[in-house]
Amino acid sequence: LEIMVKGLRNRRKHMEMMRECSKNIDDFEKQADDVFRRALGQLFDQEPDIRLVIKWKSVYECLEQASDDCKQVSNIIRGIM
């Protein structure tokens, strides 16, 4: 995202690099979705302490939201491009 934001100053010069960054962010977000689903499944399958399940589920959801937000910002920058 940092590269994309900095690239906005001179979009024509950095257009290809910004497109590549956007593609990478999309790929990372998909990977993060997969990791989130697997980690959540393992958490519910393997953790007997419900308090820890609740705590870790919250952490996983925050990380998932962060990756979704990065993708959304990337999409907004792509729209500006």
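## A buried glutamate

E29 is buried in this predicted model, with a relative accessible area of just 7%. Because the cut-off for buried is under 20% relative accessible area, E29 falls within that class. This glutamate sits in helix 2.

Which residues is E29 in contact with, once its neighbours within four places in sequence are left aside? The answer is a set made up of E64, S67, D68 and K71.

## Overall fold

Let's step back to the chain as a whole. The protein chain has 3 helices and 0 strands, and reading along the sequence gives the pattern α-α-α. With a radius of gyration of 17 Å, well over the 12 Å from the globule rule for 81 residues, the chain is more spread out than a compact globule. The C-alpha trace tells you its extents too: about 55 × 15 × 15 Å along the principal axes.

Of the 81 residues in the protein chain, 23% are buried. The accessible surface amounts to about 6,100 Å², and carbon and sulfur atoms account for 56% of that surface. As for contacts, take those between residues at least 6 apart in sequence: 64% of them join residues at least 24 apart.

## The nonpolar core

Which residues make up the largest nonpolar core? It consists of 5 residues: M4, M18, C21, I25 and I77. Helix 2, which runs over residues 11–46, gives the most to this core, contributing 3 residues.

M4 is a good place to start exploring here. Setting aside neighbours within four places in sequence, M4 is in contact with M18, C21, I25 and I77, among others. These four also belong to the core along with M4. The remaining contacts of M4 are S22, S74, R78 and M81.

## An aromatic pair in helix 3

How many aromatic pairs does a search of the whole structure find? There is 1, formed by W56 and Y60. A pair of aromatic rings is described by the distance of the centres and the angle of the planes. For W56 and Y60, the centres are 5.9 Å apart and the planes make an angle of 40°, so the pair counts as tilted, being neither under 30 degrees nor over 60.

Both residues lie in helix 3 (residues 50–80), 4 residues apart, or about one turn of the helix. Are these two buried or exposed? Each is partly exposed: W56 has a relative accessible area of 43%, while Y60 comes in at 21%.

Methods
Residues are numbered from 1 along each chain as its sequence is written. This is a predicted model: local features need pLDDT of at least 70, side-chain atom pairs count only at pLDDT 80 or more; totals for chains, interfaces and linings use all residues. Side-chain values use heavy atoms; hydrogens and water are left out. A nonpolar core is a set of buried Ala, Val, Leu, Ile, Met, Phe, Trp, Tyr and Cys residues joined through side-chain atoms within 4.5 Å. Buried means under 20% relative accessible area, exposed over 50%, partly exposed in between (1.4 Å probe, protein chains only). Helices (H or I, at least four residues) and strands (E, at least two) are DSSP runs, numbered from the N terminus. Contact means heavy atoms within 4.5 Å. Rings of Phe, Tyr and Trp (its six-membered ring) pair if their centres lie within 6.5 Å; planes under 30 degrees apart count as stacked, over 60 as edge-to-face and the rest as tilted. The radius of gyration is taken over C-alpha atoms; the globule rule is 2.2 Å times the number of residues to the power 0.38. Accessible areas come from the Shrake-Rupley method with a 1.4 Å probe; for residues, only the protein chains shown count as cover.
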